[in-house]
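Me: Please pick a single part of this model and take a close look at it with me. I'm new to it, and I'd like one connected story rather than a list.

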Amino acid sequence: METAAEWTFESTSEEDTRRLGTLLADRLVPGTVLALNGNLGAGKTRLVQAIAQALGVDPAEVNSPTFVLIQEYEGRLPLYHFDTYRLKDTDEFLELGADELLYADGVCLIEWAEKVADVLPRDVLEIKITHISETARRFEFTGQGSRSRQIITALKAVTRAD
């Protein structure tokens, strides 16, 4: 088994988070799955809004799908936004048709992904978001598969160049 790739991004403002979302969106390809984990208010939905905006979706349309569970948005790539916070188990996730979307031609962003981790693809880009202060967040990326490792490598390179 190959070693996981890791990278950490420190955001001190919403503008930093928007920049991260743009950098990330520029590297997403069909079939990418992002597993977003963090406490309430950590910034999961804010990052999704930044990614969606960079993919050509109006960020005002993007909100946490806590009660709907899945939102679909059309941009440069189809965007499937899941919130698994209220799910009892992975069976409920699969009953939503999530397994079909995980392997579809879009990008999946899954909030509270740790709740459904056992049914996610092996190549998933995990992003753990930690609330540091009112405006600061830490984004810790871990990638196991080739696609997610490539994204992390590209993010490291572009942020080093700044």
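**Around strand 2**

Reply: Let's start with one pair: alanine 35 stands opposite isoleucine 110, which sits in strand 5. Before going on, remember that this is a predicted model, where local features need pLDDT of at least 70 and side-chain atom pairs count only at pLDDT 80 or more, while totals for chains, interfaces and linings use all residues. Residues are numbered from 1 along each chain as its sequence is written, and side-chain values use heavy atoms, with hydrogens and water left out.

Back to our pair. Strand 2 covers residues 33-37 and strand 5 covers 107-111, and the two pair in the parallel sense over four bridges. (Strands are DSSP runs of E with at least two residues, helices are runs of H or I with at least four, and both are numbered from the N terminus; two strands pair if DSSP finds at least two bridges between them.) Strand 2 also pairs with strand 6, again in the parallel sense and over four bridges. Here leucine 36 stands opposite isoleucine 127 of strand 6.

Now follow strand 6 (125-131) onward. A hairpin takes you from strand 6 to strand 7 through five residues. These two run antiparallel, with seven bridges joining them. One spot to look at is leucine 125, which has glycine 143 of strand 7 opposite. As for what holds such neighbours together, strands of a sheet pair through backbone hydrogen bonds, either parallel or antiparallel.

Step back and you get the whole sheet: seven strands, open, in the order 1-7-6-2-5-4-3, with mixed pairing. Strand 1 (5-11) and strand 3 (70-74) are the edges; each has a single partner strand, so one side of each is left without a neighbour in the sheet. From one strand to the next, the twist averages 20°.

Something lies across this sheet too. Helix 1 crosses strands 1, 2, 6 and 7, running at about 145° to strand 1. (Contact means heavy atoms within 4.5 Å; axes are lines fitted to C-alpha atoms, for helices over the stretch in contact, and angles run from 0 to 180 degrees between N-to-C directions.)

And the rest of the chain? In total it has five helices and seven strands. Read from the N terminus, the elements go β-α-β-α-β-β-α-α-β-β-β-α. The C-alpha trace spans about 45 × 40 × 30 Å along its principal axes.
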